[in-house]
Amino acid sequence: MRPVDESARPSFVLIPGAGGMAWYWHRVVRLLEQARREVIAVDLPGDDAKAGLSDYTNCVVRAIGRRANVILVAHSLGGCTAPLVCERASVGMLVFVNAMIPQPGETAGAWWGNTGAPEARVAAAEAAGYSAEFDLRTYFLHDVPESVLREGPSQREQADAVFGEPCRFERWPQIPIRAIASADDRFFPVEYQRRIVRERLQSDVEVLPGGHLVALSNPEGLVDRLLRLEAKGSK
């Protein structure tokens, strides 16, 4: 058996969602590093009132540098940055995780109404019997271990500037694009995600257990899925 050429393995570059904290990925980073993968969790200026999508994109592109074999993973709001990064860096695969999937030229602010996200969230809450009024514990933290929350830093507030800048890309890159949805995501319910992925990517989601912050609540399941996607992409 030939030894594995670790230099040929792709690097995982992880884009966080609202707030822009690289810490969101820390449990995933640890597991990917244990699997002997290079992994970069990018910290974004989410609380900077002047920073828009172009600034977020610059941060990710700088982090990638000259790497030529990248799996780009984008969570939630990070999905609006991802296609812009793909136009400027050597990305071999794009993976959305409970992510906003924009249309060319769409703003993150318009995305909510265009996709029906608020209505889908409320409908799922009413069907399942939890509160339709948004709060962090009900929609983001309901399945995150208390031990993880205790060790984490305070969440950054997300500034509004990023929601007004159009997502300026012409078309999706000709690379594998995958979407992962969490079965227990209360913020972006799984059936809603399935519909958006079919409409906008003409694809389907891969479902795994967990809520919206799946990298904190089920990092093992997420890393297992990412490594499976890596293996499929290399064939």
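This passage describes the internal spaces and the aromatic rings of a predicted model.

A good place to begin is inside the protein, where two cavities of 30 Å³ or more are found. The largest cavity encloses about 70 Å³ of space. Its lining is made up of 13 residues, and Ala99, Ile101, Gln193, Ile196 and Val197 are the ones nearest the centre. Two elements, strand 5 (177-182) and helix 8 (190-201), each contribute at least two residues to the lining of this largest cavity. Helix 8 is the main contributor, providing four residues. In chemical character, the lining of the largest cavity comprises eleven nonpolar residues and two polar ones, with no charged residue.

The second largest cavity holds about 50 Å³ of space. Around this second cavity stand 14 lining residues, with Pro16, Gly17, Leu44, Tyr56 and Leu77 nearest its centre. Here the lining is split between seven nonpolar and seven polar residues, and again no charged residue takes part.

Next come the pockets. The volume of the largest pocket is about 770 Å³. A total of 30 residues line this pocket, and those lying nearest its centre are Ala18, Leu136, Phe140, Gln155 and Leu213. Of the lining residues of the largest pocket, 19 are nonpolar, nine are polar and two are charged.

Attention now turns to the aromatic rings. A pair of aromatic rings is described by the distance of the centres and the angle of the planes. In this model, 15 aromatic pairs are counted. One of them joins Phe187 and Phe188, whose rings are stacked, with 4.9 Å from centre to centre and 20° between the planes. Phe187 and Phe188 are both buried. Phe188 also pairs with Tyr192: the ring centres are 6.2 Å apart and the planes meet at 50°, so this pair is classed as tilted. Like Phe188, Tyr192 is buried. These three residues belong to a wider cluster linked by ring pairs, which also takes in Trp111, Trp112, Tyr130, Phe134, Tyr139 and Phe140. Phe140 thus appears in two parts of this account, as a member of the ring cluster and as one of the residues nearest the centre of the largest pocket.

Two rings of the cluster, those of Tyr130 and Tyr139, also have an arginine over them. The charged end of Arg186 is placed over the ring of Tyr130, at 4.2 Å from the ring centre. Arg121, in turn, lies over the face of Tyr139, 4.9 Å from the centre of that ring.

Key:
Residues numbered from 1 in each chain as written. Predicted model: local features only at pLDDT ≥ 70, side-chain atom pairs only at ≥ 80, totals over all residues. Heavy atoms only, no water. 1 Å grid on protein atoms, 1.4 Å probe; cavity = no way out; pocket = protein on both sides within 12 Å on 5 of 7 lines; lining within 4 Å. Points joined across faces, edges and corners; volume = space filled by probe spheres on them. Nonpolar A, V, L, I, M, F, W, Y, C, P; charged D, E, K, R; others polar. Phe/Tyr/Trp six-rings, centres within 6.5 Å; stacked < 30°, edge-to-face > 60°. Buried < 20%, exposed > 50% of the residue type's maximum accessible area, 1.4 Å probe, protein only. Lys NZ or Arg CZ within 6 Å of the ring centre and 35° of its normal.
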